Amino acid sequence: MSTVTLEGVTKAFGATNALDDVDLTVAGGHLTAVLGPSGCGKTTLLRVVAGFVRPDAGTVTVGGATVEASGTHVAPERRGVAIVPQEGALFPHLDVAANVAFGLPGRRRDRATAGRVAEMLALIGLEGHGDRRPDELSGGQQQRVALARALAPSPGVVVLDEPFSALDAGLRAQVRTEVRGVLRAIGATAVIVTHDQEEALSMADSVAVMDRGRVLMHGSPAEVYQRPADLVVARFVGDLVELPGTKAGATVETALGVLPLHGTAEVPDGPVLAALRPEQIRVDGRIERHGHRAHVDDVVFQGHDSIVRLTLTGSRPTLRLAARSQAPLRPGDDVAVRVIGPALAYPR
Amino acid sequence: MAGALLALLPLGYLVLRTVEAGDRVGAILTRPGTLELVGRSLALVGTVTTLCLVLGVGLAALVTRTTLPGRRVLAVLLALPLAVPSYVAAFAWVAAVPWARGFVGATLVLTACTYPYVYLPVVAAMRGVDPAQEEVARSLGRGPWRTFLTVTVRQVWPAAASGGLLVALYALSDFGAVSLLQFDAFTRVIHTSYRASFDRTPAAVLSLLLVVLTVLIALGERRSRRGLEQTRVGSGVSRRSEPLRLGRMAAAAATAAVLAVLAVALAFPLASLAYWFVTGLSAGVDVERLVTSTATTLLLAVLGALVTMAFAVPIGVLVARHRSRATSAIELGAWAGHALPGIVVALALVFFGIRVAQPIYQRTPLLLIAYAVLFLPAGVGAVRASVAMSSPRVEEVARSLGSRPLDVLRRVTLPLAGPGVAAGTALVLLTIMKELPATLLLRPTGANTLATSLWTETGVAAYAAAAPYALALVALAVVPTLWLMHAQGRLGESGESGDPCEPPTSLDQPSDPHRRRVP
C-alpha cells in the first residue's frame with residue numbers, strides 16, 4: 001500500500017516540456033489512470049516514477065521514501081515499482097513460469113518460488129500454462145502474464161503503460177476487467193497510463209487528465225466526466241455539445257432555453273459557453289410536442305444507440321448538436337429536442 | 001575502450017611512418033607508376049562492383065520473386081561461393097586456364113567470389129519489403145518491369161549498396177587472388193615493395209593511399225543511400241508478394257543463367273581442384289603437413305574468433321544500448337579496422353612488432369591482435385544488430401523486478417542476443433580461416449595454415465601439391481558458412497514477428513555501421 005507523490009516534477013526533451021511542474025498524489029491501494037492525448041507526457045511521468053527517466057527538477061516519493069530529488073536518484077531495481085510495458089514485453093527466451101518467477105528471490109525450482117508462480121498463474125486464470133513459450137500465447141494472455149510477472153514479487157506499486165492498446169476491441173474490455181480484478185485482489189497501488197477515456201473512466205478509482213506536460217485535473221471518474229475543471233478536460237473525456245449563452249446566477253440562457261447550472265461560483269455572470277453531454281439531449285420524433293425544432297443531418301448507428309447530428313431550426317448562426325437516441329431516425333427528419341439535467345458553464 | 005584503441009593502432013603507425021618520411025612522400029606519390037596503379041585498381045574495383053550489383057540483385061529477384069523451378073535449392077547454392085576463398089578460386093582458374101590472368105582473370109574470379117555479398121542482403125531485403133508499394137505502382141498503371149526498376153530496386157537499394165561496398169572493399173583489398181593472377185593491383189605492389197627492399201617507407205605511403213581510397217569509396221556508398229533508407233509506415237505484418245509467373249522460355253533462360261553463374265563460381269573451381277587433387281595423388285600427398293596445416297588453421301581461427309568476440313560483445317552491447325558521444329567514438333574506432341585492407345594492417349603490425357613489441361613479433365599473440373583489428377567490425381555489427389533487435393523495454397522490466405544492471409546483462413540481454421552472437425562468431429571464424437595476407441606476414445615462425453601452405457605451393461606452380469590444402473580449406477569453410485545461413489534464416493523468421501525495422505543479422509545489414517569486414 002505505497003502512496004506515490006510527485007511534486008514540481010519537470011522534464012524537458014530539447015525544446016518540448018514533457019512534464020511541466022507536475023504535482024500528483026496517488027493514494028495507496030488505489031488504481032489511478034493518467035489520461036491524455038499521445039505526446040502529452042503521460043508515458044514520461046510513468047517512466048519517472050519507475051526510475052528510467054531522471055527529471056530535471058522536482059521530487060518523487062514512493063511509500064514515504066524519496067526516490068527522486070535533486071542529488072537523489074534511487075536505481076529502478078531498488079524502488080519496488082514494477083512496470084508492465086505496452087504489449088507486455090515478456091522475456092521471449094523464458095517460458096511463462098520463468099517469466100513470472102523472474103523477480104522472485106529464490107531459484108526457479110524452490111518450493112516457495114514454484115508455489116508463488118502457481119498462485120500467480122491461478123490468479124490470472126492461466127493454470128497449467130507455465131511451460132508455454134510467450135509466442136504460443138494470445139495477446140491477452142501475454143498481457144496477463146506480464147501483469148503476473150510484475151505482481152509476483154509483491155511490489156508496492158505497479159505502473160502500466162497503455163497495457164491494452166495492442167488488444168482488439170472485444171478482448172480489451174474483458175482483459176481490462178480481469179486486470180482490475182487482479183489489482184483489487186492484491187491491493188497494490190497502480191498507475192495506468194492511457195489515451196482511451198472510456199478505459200480510464202471505467203477502470204480507475206481516480207483519473208488524472210494531462211495535456212502538454214501538465215496535470216489539468218485529478219478526481220474521481222464521475223467528477224472528471226460530469227464536472228470537468230475546464231473546457232480542455234471537458235472536450236477530452238467525452239463528446240461535448242457546446243452552446244453560446246448568457247449566465248445569470250444559477251442559470252444560463254441558450255438557444256435551447258434557460259438551463260440550470262452545475263455550481264455557480266467559478267464563472268462570472270455574462271457571456272459563457274454552456275456545455276452538455278450528448279446523452280442530455282432528448283430527441284422526439286413528434287414535433288407537435290413542446291420543445292425546440294431541429295433537423296436531422298446524420299445518424300451514426302452504434303448498436304446500443306445512435307449518435308444523431310442535428311441542426312437547430314431557425315438558429316442564427318447555425319447551431320449544430322449531437323444527441324444519443326434509440327429512436328429510429330433518418331437524415332432529413334424533423335424532430336423536437338429538449339435538455340435534461342444541468343449544464344456546465346465555461347468562460348467564452 | 002581497449003578494443004577501439006587496438007583498432008586504431010595500425011592506422012596510427014602508418015601515419016607516423018608517413019610523417020617520418022617527410023619529403024619523400026611527395027616523390028613516391030607523384031611517380032608515374034603510382035597514378036597508373038590507382039587507375040588500374042579503380043578500374044578493377046568499378047568493373048567487379050558493377051557486375052556484382054547486377055548479378056546479386058538479378059539473382060536475388062529470380063529466387064525470391066519468380067516461379068523459377070527449384071528456387072529453394074538454388075537460393076542456398078547461390079550463396080555458397082562465399083565459402084570459396086578468392087585465392088582458391090584464382091588458383092583453380094590459373095591451374096586450368098592459363099590465359100585467365102591479368103585484368104580479365106581478376107575480374108572473373110573476384111566477381112564470382114564476391115557477388116554473394118550483394119546477393120545475400122538483397123534476398124533478405126526482398127523478402128522483407130512490403131509488397132504494398134509494388135501493388136500501388138501496378139495499380140497506378142506501371143508495368144511489371146518499370147515497377148521492378150523504379151520501386152523494387154529502390155526499396156532494396158540500401159541493402160544492395162552496402163553489399164556493393166563490401167564487394168568494392170574486397171576487390172580493393174584482395175591480395176591473394178590478384179597476386180596469383182599476376183594483376184598488379186595496390187595490394188600486390190605494396191607486398192612486392194615490402195619484400196623487395198629494406199626501405200619500408202614506400203610500402204607505408206602506398207598503404208596510406210589505399211586507406212584513403214577505401215574511405216572515399218565508403219563515403220560514396222553512404223551518399224548513394226541518402227534519403228533511401230526504408231521505413232515501414234503504419235503497423236501490421238507485411239504480406240508476402242505474389243511471385244511472378246515465368247513462361248516456359250523465360251524459365252529456361254533464367255535457369256540457364258543461374259546454372260551458368262553456379263558453374264563459374266562453384267562447379268568449375270571445385271572440379272579444377274578435384275582434378276589437380278587426383279593428379280597429385282600418384283605423387284603422394286604430404287599427409288602430415290596437411291594435418292598440421294588444418295589443425296593450425298582451426299586453432300588460429302578459434303583463438304582469433306574468441307579474442308575478437310571478447311572485444312566485440314561489450315562494444316556491441318554498449319553501442320546498441322547506450323548512445324552517447326563516448327560510445328560513438330568507441331564505435332568509430334572499432335570501424336577504423338573496417339577501412340583497413342588486411343595487408344595494410346599486417347604491415348603496420350610488422351612495423352609495430354619490430355619496433356615496439358619485439359617479444360611477440362612473429363608469435364601467436366600479434367597475429368591474434370591483427371585478426372581482432374581486422375574482424376572486430378564484423379563481430380560488433382552482429383552483436384549490435386542482435387541486441388538492438390530486442391526491445392530495451394524488456395531490460396527495463398528486468399530492472400523494475402529488482403535485477404541489477406549486470407544481472408540484466410547476464411539474464412536477459414545476452415541470452416536474447418545469443419543467436420546473433422553465434423552468427424557473429426561463425427562469421428569471424430569463417431573470415432579468419434580464409435584470411436591470407438596478415439597470416440602470411442605475421443604467422444608464428446615455422447607455422448603453416450591451409451592458406452599459407454596453398455600460397456607457398458602455388459607460388460612455385462606446384463598445383464597438384466596445392467590442391468589438397470585448397471580442398472581442405474573449402475571443406476572447412478563450408479561449415480561456418482552453413483551455420484551462418486542457418487542462423488540468418490532463423491533470425492529472419494523471428495524478425496518478422498518481432499521488430500520488422502531492424503535487419504536480422506550481420507549477413508544482411510542494410511543500415512550503416514553493421515557492415516562487415518572483408519577478408
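Visitor: In this predicted model, which residues are exposed on the other side of α5(A)?
Guide: Helix α5 of chain A, residues 169-186, has a buried set of residues that includes Arg172(A) and Leu183(A). On the other side of α5(A), four residues are exposed, namely Gly170(A), Gln174(A), Thr177(A) and Ala185(A).

Visitor: Within what arc do the buried residues of α5(A) fall, seen down its axis?
Guide: The buried residues of α5(A) are Arg172(A), Val175(A), Arg176(A), Val179(A), Val182(A) and Leu183(A). An α-helix has 3.6 residues a turn, so residues three or four places apart point the same way. The buried residues of α5(A) line one face of the helix, because seen down the axis they fall within an arc of 135 degrees.

Visitor: What covers the buried residues of α5(A)?
Guide: Both strands and helices of chain A take part in the cover over the buried residues of α5(A). Among the strands are β3 (31-35) and β9 (189-194), and among the helices are α3 (111-123), α4 (139-151) and α6 (197-203).

Visitor: How far does α5(A) reach from its first C-alpha to its last?
Guide: Helix α5 of chain A has 18 residues, for which 26 Å is expected at 1.5 Å a residue. The reach in the model is close to that expectation, at 26 Å.

Visitor: Is Ala203(B) buried or exposed?
Guide: Ala203(B) has its place in helix α11 (residues 201-224) of chain B, and, leaving aside residues up to four places away in sequence, it touches Ile190(B), Ser193(B), Tyr194(B) and Leu347(B). The C-alpha atoms of Ala203(B) and Ile190(B) are separated by 5.1 Å, although the two residues are 13 apart along the chain. Because Ala203(B) has 26 C-beta neighbours inside 10 Å, and 20 or more are needed, it counts as buried.

Visitor: Which helix gives the largest share of the side of chain B that touches chain A?
Guide: The contact takes 16 residues from chain B and 16 residues from chain A. On the side of chain B that touches chain A, α17 (392-400) and α18 (405-434) each supply at least two residues. The largest share there is seven residues, and these come from α17(B).

Visitor: Where in chain B is confidence highest, by helix?
Guide: Chain B averages a pLDDT of 78, with 85% of the residues scoring at least 70, whereas pLDDT stays under 50 over residues 229-238 of chain B. Confidence in chain B is lowest in helix α14 (residues 325-336), at a mean of 66, and highest, at 89, in residues 32-65, which form helix α3 of chain B.

How values were computed. Residues numbered from 1 in each chain as written. Chains lettered and ligands numbered in written order. Predicted model: local features only at pLDDT ≥ 70, side-chain atom pairs only at ≥ 80, totals over all residues. Expected span 1.5 Å × (residues − 1). Buried ≥ 20, exposed ≤ 12 C-beta atoms within 10 Å, placed from the backbone. Arc of directions from axis to C-beta. Contact = placed C-beta atoms within 7 Å. pLDDT = per-residue confidence, 0-100.
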